[in-house]
Amino acid sequence: MNNIFQLSFILLVASSPLLAAPDKVAPSKPNILFIMADDHAWQAVSAYGESRHLIQTPNIDRLASEGIRFDRYLVNNSLCGPSRAAILTGTYSHINGFYNNTNCRFDGSQTTFPKLLRKAGYQTAMIGKWHLETDPTGFDHWEILPGQGRYYNPPMIRDGKPVTYPGYVTDVITDLSLEWLKQRDPSKPFMLLCWQKAPHREWEPAPRDLNFDHDRTYPLPDSLFDDYSGRGRAEHDQNMTIAKTMRMNEDCKLTAPKDLSAEQKKSWDAYYAPRNEAFLKQNLTGRALTEWKYNRYMHDYLGCVKGVDDNVGRILKYLDETGLATNTIVIYSSDQGFFLGEHGWFDKRWIFQESARAPLLIRWPGTIRAGSVNKDLVCNLDFAETFLQVAQTPIPDRMQGRSFLPVLQGTTPADWRKAFYYHYYEYPAFHKVRPHYGVITDRYTLAHFYAPDVDYWELFDRDKDPGEMRSVFNNPAYADVQAGLIQEVLRQRKQLKEPNKDDPKAFGPFDEWPVSDAPAKKVRNK
Ligand code: CA
């Protein structure tokens with residue numbers, strides 16, 4: 001319907017001698033609105049239908065029912081800064097130089113897709129969580145949280161100047177995004193990055209949402225009490241379990257954050273104080289304590305997701321009301337996945353499915369068939385090239401992803417990737433996950449844990465073992481698969497120009513996350 005209207009308008013304009021020449025009235029390039037959350041697990045997007053049915057996300061799900069849902073969207077390095085750097089540059093960490101969140105600063109002089117889109121006539125803006133340590137480049141307007149930012153009454157940096165906003169961070173980032181959309185130059189296409197902070201640790205929901213789940217008891221994941229048998233030292237040595245690493249105070253909300261206003265604090269205390277009191281009276285230990293922590297974690301994390309979903313709804317409503325929806329590509333994604341108790345963990349980092357895989361939903365009326373579901377291996381490096389192709393702008397050779405525009409149009413190229421290369425570095429901060437690289441295919445995950453003091457491989461057959469609980473590396477039944485995947489990982493390392501020896505700064509400084517219930521004073525909020 002919209003296309004018919006557009007066509008009649010073009011014909012009308014083109015046939016009028018008083019109006020612009022026909023070459024000036026070609027349909028304008030589509031707008032790009034990229035909403036990204038921080039640490040939003042696909043298990044917590046209802047469109048993915050995860051078995052625990054953790055939450056309903058009707059607004060995010062709209063993008064799937066009116067567009068496409070990607071079931072195998074992967075990131076190159078499952079950590080905030082490195083994934084963002086890969087998205088912006090279309091390159092792996094060893095090319096863009098942003099390996100970890102501890103000692104890397106993004107080199108903003110690099111080629112990024114926002115810079116190229118701006119050159120191609122797009123009006124560009126970045127609003128929300130940036131987390132790349134240097135100021136954004138390539139934007140007509142930017143307004144970012146410093147570092148991790150705060151959930152309540154967040155200070156921000158607006159085009160270089162400090163400002164502070166009252167309210168809840170997800171609402172604030174959405175308000176600022178809508179404000180920018182309203183005042184932009186409507187004669188140009190726009191590219192807006194609306195990058196939310198939520199639901200990042202410490203998972204602090206909007207005060208209005210604290211009772212959103214009515215004290216629900218959440219179903220436990222099968223592997224909450226994983227003993228890591230059948231896997232190597234990296235899995236045994238990590239420091240990211242709900243049982244031992246998750247802190248009672250900040251993470252489990254036995255204390256309130258300091259940045260709450262008096263009114264927000266009142267709502268906070270009204271919710272948490274009686275529940276905390278009841279919890280303390282029970283003197284839980286062992287498994288019962290871990291289950292309580294898991295439940296509190298789900299309440300807080302999903303409360304943050306609810307805030308994100310409601311605000312996605314506000315943005316979609318604005319696009320509907322202004323008619324922008326028809327010519328705007330809306331993307332919803334996350335910088336990586338997240339463990340919601342699987343393997344007993346929170347956080348991300350690993351090549352495993354809960355972490356390396358993230359949600360990706362895209363709506364583009366007239367191009368993407370509504371209700372599409374896609375199982376191709378697409379990745380965070382692909383955004384840059386996709387957007388450049390949409391904008392009909394040349395793609396620099398340096399970029400290492402691939403445009404998935406043909407996939408959006410309904411035809412996956414025959415030579416689309418069959419294995420995706422992954423490489424994680426940061427160690428030992430903050431959760432003592434050992435560096436590893438590997439490949440993910442539609443069925444297998446192959447990983448090499450190579451430092452420090454380890455050198456072993458793991459292979460998982462996700463058809464038979466979807467939770468990646470038991471490595472079949474060196475199992476004779478998988479000899480051919482194993483040999484083929486090792487060859488593939490070595491081929492990709494060469495093709496992607498991976499050095500044989502990592503850059504010394506890749507791991508980050510040796511500074512461990514405090515274990516368990518350490519008081520807040522030494523905590524670095526990464
Ligand atoms: Ca993140």
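Q: What makes Asp237 partly exposed in this predicted model?
A: Asp237 has a relative accessible area of 25%. Partly exposed covers the range between under 20%, which is buried, and over 50%, which is exposed. Asp237 is therefore called partly exposed.

Q: Why is Arg434 called buried?
A: The relative accessible area of Arg434 is 2%. Buried means under 20%, so Arg434 is classed as buried.

Q: What makes the contact of Arg434 with Asp237 a salt bridge?
A: The closest N and O atoms of the two residues are 3.0 Å apart. The rule asks for a side-chain nitrogen of Lys or Arg within 4 Å of a carboxyl oxygen of Asp or Glu, and the pair is therefore a salt bridge. Arg434 lies in the loop between strand S13 (419-424) and strand S14 (436-441), and Asp237 lies in helix H7, so the pair ties together parts that are 197 residues apart in sequence.

Q: Why do Asp209 and Lys306 count as a salt bridge?
A: Their side chains meet at 3.7 Å, N to O. The cut-off is within 4 Å, so the pair qualifies.

Q: Which of the words buried, partly exposed and exposed applies to Asp209, and which to Lys306?
A: Asp209, with a relative accessible area of 5%, is buried, because buried means under 20%. Lys306, with a relative accessible area of 26%, is partly exposed.

Q: How do you know that helix H3 is mostly covered?
A: In helix H3 (residues 80-89), 10 of its 10 residues are buried. These buried residues pack against several elements, including strand S1 (31-37) and helix H11 (382-390).

Terms used: Residues are numbered from 1 along each chain as its sequence is written. This is a predicted model: local features need pLDDT of at least 70, side-chain atom pairs count only at pLDDT 80 or more; totals for chains, interfaces and linings use all residues. Side-chain values use heavy atoms; hydrogens and water are left out. Buried means under 20% relative accessible area, exposed over 50%, partly exposed in between (1.4 Å probe, protein chains only). Helices (H or I, at least four residues) and strands (E, at least two) are DSSP runs, numbered from the N terminus. Contact means heavy atoms within 4.5 Å.
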